[in-house]
Amino acid sequence: MPRLFTALEIPRDAALSLSFLRGGLPAARWIDAENYHITLRFFGDVDARTADELVAGLDRVHRASFPLALRGMGAFGSKKPHSVYAGVEPSRALDHLHDEMDKLARRVGLAPDPRRFTPHVTLARLRNAKDEDVARYLAGRGDFRTAPFTVGRFVLLSSRDSVGGGPYVLEEAFPLKGGSTAREASLGGAFLEPAFR
């Protein structure tokens with residue numbers, strides 16, 4: 001059964017900037033640029049009925065499009081780093097959109113997410129990385145930032161059980177007010193066409 005999650009796509013210009021951050025870190029497995037995204041809410045493995053309820057609920061999300069920018073770098077795994085990421089500038093609109101996804105998940109019977117929402121774009125998964133290598137990598141790229149871009153939609157993605165990092169399948173796209181559903185106008189345009197409608 002596919003794992004479902006909602007996400008924001010990364011526009012091509014920002015994805016190109018992110019791709020320039022690849023390299024210079026031993027033990028890193030770099031994420032392909034077409035799989036860059038900001039996870040809004042991870043739902044996990046759900047049955048068909050719950051998936052249908054989620055899609056129906058997501059279709060009723062009515063929020064305005066909003067600006068967003070990527071800024072800074074970090075690593076997850078305080079005792080043993082397991083991934084490096086690009087951060088996201090604080091955004092109330094993004095926080096509210098995440099909160100709405102969280103409420104929807106609980107409404108359809110899914111467990112609360114125990115992790116604090118930390119919006120980010122994962123750049124690489126790490127295996128047996130040395131702390132000093134990770135610190136050196138982050139120190140050299142701490143001033144990373146992108147120009148603001150407009151978030152015009154959010155998407156429902158699926159992934160198969162793997163070590164993470166894709167490939168992801170675009171299942172559904174949900175426009176925000178002022179956003180567009182057209183593929184040509186999508187932020188990323190890198191994900192595959194929806195697998196079902």
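1. Let me start with a pair worth finding on screen: the side chains of D45 and R3 meet in a salt bridge, with 3.7 Å from N to O. D45 belongs to strand 3 and R3 to strand 1, so this pair ties together parts that are 42 residues apart in sequence. D45 counts as partly exposed, at 47% relative accessibility, and R3 is also partly exposed, at 26%. Please keep in mind that this is a predicted model.

2. Now the overall layout. The protein has 4 helices and 10 strands. Read from the N terminus, the elements follow the order β-α-β-β-α-β-β-β-α-β-α-β-β-β. Of the 197 residues in the protein, 48% are buried. The exposed surface comes to about 10,500 Å², and carbon and sulfur atoms supply 51% of that area. As for contacts with a separation of 6 or more, 79% of them are between residues 24 or more positions apart.

3. The two strands of the opening pair both appear in an open sheet of 4 strands, which has the order 3-1-9-10 and antiparallel pairing. Strand 3 (37-45) and strand 10 (168-175) stand at the edges with a single partner strand each, so one side of each has no neighbour in the sheet. On average, neighbouring strands of this sheet are turned by 25 degrees against each other, direction ignored.

4. At the strand 10 end of the sheet, which strand is joined to strand 10, and by how many bridges? The partner is strand 9 (residues 153-159), which runs antiparallel to strand 10 and is joined to it by 7 bridges. If you would like a place to look, S159 stands opposite Y168 in strand 10.

5. Helix 3 (residues 92-107) packs on this sheet, where it touches strand 1 (3-9), strand 3 and strand 9. The direction of helix 3 makes about 5 degrees with that of strand 3.

6. Helix 3 also takes part in a salt bridge to a loop. E100 pairs with R63, and their closest N and O atoms are 2.5 Å apart. E100 lies in helix 3, while R63 lies in the loop between helix 2 (48-58) and strand 4 (66-68), so the pair ties together parts that are 37 residues apart in sequence. Both partners are partly exposed: E100 has a relative accessible area of 24%, and R63 has one of 31%.

7. Another salt bridge stays inside helix 3. Here R106 forms a salt bridge with D102, the closest N and O atoms being 3.4 Å apart. R106 and D102 are 4 residues apart in helix 3, so about one helical turn separates them. Are the two partners buried or partly exposed? R106 counts as partly exposed at 43% relative accessibility, whereas D102, at 15%, counts as buried. Salt bridges with shared partners bring R41 in as well, joining R41, D102 and R106 into one network.

8. To put these pairs in context, the structure holds 10 salt bridges. Among them are D45 with R3, E100 with R63 and R106 with D102. If you have time for just one view, I would suggest helix 3 against the sheet, with strand 1, strand 3 and strand 9 as the strands it touches.

Notes. Residues numbered from 1 in each chain as written. Predicted model: local features only at pLDDT ≥ 70, side-chain atom pairs only at ≥ 80, totals over all residues. Heavy atoms only, no water. Buried < 20%, exposed > 50% of the residue type's maximum accessible area, 1.4 Å probe, protein only. Contact = heavy atoms within 4.5 Å. Areas by Shrake-Rupley, 256 points an atom, 1.4 Å probe, with all protein chains shown as cover. Pairing = 2+ DSSP bridges. Axes fitted to C-alpha atoms, helices over the stretch in contact; angles between N-to-C directions. Salt bridge = Lys/Arg side-chain N within 4 Å of Asp/Glu carboxyl O.
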